[in-house]
Amino acid sequence: MIVEPGARLMSKHLRRAPPSHWMAAVCDMNYDQDVHRELLRWMIRQRSCEQAVALAVYWYLGPRWDAQYPDRESLKTTEEHTTFDLLREIARRNGLAALSM
């Protein structure tokens, strides 16, 4: 369940939206704001999320930075944990485990 009001509103829209809206949301999102991570997590877990959208999220999150850490406990902040977890989940769901993580 999405708690943040803006993310909840966007998820409501995306449920009925075509894939182009999903990609536009991902490409236009501010990745420095932790509240968007909640929406990103919701998006990548939906069956209707196309692989191109999930991979766009993956690359926008910057996997090279997180690849230097062996596990999430090596990270310092909650935001870093959230990003690390999202990257791992996307990699696992899309067969990228050996690519950058």
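Here are a few questions and answers about this predicted model.

Q: Which residues of helix α2 are buried, and why do they sit on the same side of α2?
A: An α-helix has 3.6 residues a turn, so residues three or four places apart point the same way. In α2, the buried ones cover an arc of only 95° around the axis, which puts them on the same side. They are Trp22, Ala25 and Val26.

Q: Which helices do the buried residues of α2 pack against?
A: Helix α2 runs over residues 19-28. Its buried residues pack against three helices, and those are α1 (5-16), α3 (35-44) and α4 (51-60).

Q: How many disulfides does the structure hold?
A: A disulfide is a covalent bond between the sulfur atoms of two cysteines. Here the sulfur of Cys27 has its closest cysteine sulfur in Cys49, 12 Å away, and that's too far for a bond, because a disulfide needs the two sulfurs within 2.5 Å. So the number of disulfides is zero.

Q: Is Cys49 buried or exposed?
A: Cys27 has a relative accessible area of 41%, so it's partly exposed. For Cys49 the relative accessibility is 14%, and the cut-off for buried is under 20%. That makes Cys49 buried.

Q: Which residue's side chain makes a polar contact with the side chain of Arg72?
A: Arg72 is found in the loop between α5 (63-67) and α6 (78-93). Leaving out residues up to four places away in sequence, Arg72 touches His81, Phe84 and Asp85. The polar contact between side chains, at 2.7 Å, is with Asp85.

Terms used: Residues are numbered from 1 along each chain as its sequence is written. This is a predicted model: local features need pLDDT of at least 70, side-chain atom pairs count only at pLDDT 80 or more; totals for chains, interfaces and linings use all residues. Side-chain values use heavy atoms; hydrogens and water are left out. Buried means under 20% relative accessible area, exposed over 50%, partly exposed in between (1.4 Å probe, protein chains only). Helices (H or I, at least four residues) and strands (E, at least two) are DSSP runs, numbered from the N terminus. The arc is that of the directions from the helix axis to the C-beta atoms. Contact means heavy atoms within 4.5 Å. A polar contact is a pair of N or O atoms within 3.5 Å; within protein, one must be able to donate a hydrogen and the other to accept it, and residues adjacent in sequence count only if both atoms are side-chain atoms.
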